[in-house]
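Dear colleague,

Please find the structure we spoke about below, with the sequence alongside. My notes on what turned up in it follow after that, for you to read with the coordinates open.

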Amino acid sequence: RQVMTATNSDALAERLRETLLDLATARGAGKTFCPSEAARLLGGSHPDGWGPLMTPVRREAVALADEGRVVIYRKGKPVDPHDFKGVYRIGLPYSD
């Protein structure tokens, strides 16, 4: 498995989107995951590898939220993907 870095942006963005969707789908409806899980899957377990991926992870999570494919949660509640701060989690949209 190739460790991704924050420098090859187009390939990285696509891999991040796939990873975020895979994690959300694996968790299923009503469950969330920490964005660092996606960063660690692609950047490796050492913080020097996954830490720089946190900003690109957030960017792709916001893009996926804009498309309605994931929801960004803060303190267990959905938030505006363009107006949130601090710790957040990602999950699938609720389906009625």
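**Aromatic pairs and what surrounds them**

When the whole structure is searched, two aromatic pairs are found; please keep in mind throughout that this is a predicted model. One of the pairs is made by Tyr 73 and Tyr 94, whose rings are arranged edge-to-face, with 6.1 Å from centre to centre and 80° between the planes. Because Tyr 73 belongs to strand 2 (residues 71-74) while Tyr 94 belongs to the segment after strand 4 (89-91), this pair ties together parts that are 21 residues apart in sequence. The two partners also sit in contrasting surroundings, since Tyr 73 has a relative accessible area of 5% and is buried, whereas Tyr 94 reaches 55% relative accessibility and therefore counts as exposed.

Phe 84 and Tyr 88 also form a pair, and because their ring centres are 5.1 Å apart with the planes at 65°, where over 60 degrees is what the term requires, this pair too is edge-to-face. Both Phe 84 and Tyr 88 are buried. Phe 84 has a further neighbour worth a look, in that Arg 58 lies over the face of its ring, at 3.9 Å from the ring centre. A comparable arrangement is found at Trp 50, where Arg 40 lies over the ring face at 4.0 Å from the centre.

**Helix 1 and its partners**

Turning to the helices, helix 1 (residues 9-27) packs with helix 4 (residues 54-66) at an angle of about 65°, the axes being 9 Å apart, and the crossing of these two helices is right-handed. On the side of helix 1 the contact is made by Leu 12, Ala 13, Leu 16, Arg 17, Leu 20 and Leu 21, which meet Pro 56, Val 57, Glu 60, Ala 61, Ala 63 and Leu 64 of helix 4. Sorted by character, the residues of this contact comprise 10 nonpolar and two charged ones, with no polar residue among them.

Arg 17, which is found in helix 1, deserves a separate word, because with a relative accessible area of 16% this residue is buried. Apart from its neighbours within four places in sequence, Arg 17 is in contact with Glu 60, Ala 63, Leu 64, Glu 67 and Arg 69.

Leu 23 likewise has its place in helix 1, and at 11% relative accessibility Leu 23 counts as buried. Once its neighbours within four places in sequence are left aside, the residues in contact with Leu 23 are Phe 33, Glu 37, Ala 38 and Leu 41. Between Leu 23 and Trp 50 there are 16 Å in space, C-alpha to C-alpha, for a separation of 27 residues in sequence.

Asp 22, also found in helix 1, is exposed, with a relative accessible area of 54%. From Asp 22 to Asp 83 the distance in space is 25 Å, again C-alpha to C-alpha, and the two are 61 residues apart in sequence.

**A backbone detail**

Finally, which residue other than glycine has a positive phi, near 55°? The residue is Lys 75, placed in the loop between strand 2 and strand 3 (77-78). Most residues other than glycine have a negative phi, so you may wish to look at this one on screen. At 73% relative accessibility, Lys 75 counts as exposed.

With best regards

Definitions and conventions:
Residues are numbered from 1 along each chain as its sequence is written. This is a predicted model: local features need pLDDT of at least 70, side-chain atom pairs count only at pLDDT 80 or more; totals for chains, interfaces and linings use all residues. Side-chain values use heavy atoms; hydrogens and water are left out. Axes are lines fitted to C-alpha atoms, for helices over the stretch in contact, and angles run from 0 to 180 degrees between N-to-C directions. Helices (H or I, at least four residues) and strands (E, at least two) are DSSP runs, numbered from the N terminus. A crossing is left-handed if the near helix is turned anticlockwise from the far one by less than a right angle, and right-handed if clockwise. Contact means heavy atoms within 4.5 Å. Ala, Val, Leu, Ile, Met, Phe, Trp, Tyr, Cys and Pro count as nonpolar, Asp, Glu, Lys and Arg as charged, and the others, Gly among them, as polar. Rings of Phe, Tyr and Trp (its six-membered ring) pair if their centres lie within 6.5 Å; planes under 30 degrees apart count as stacked, over 60 as edge-to-face and the rest as tilted. Buried means under 20% relative accessible area, exposed over 50%, partly exposed in between (1.4 Å probe, protein chains only). A charge sits over a ring if NZ of Lys or CZ of Arg is within 6 Å of the ring centre and within 35 degrees of the ring normal.
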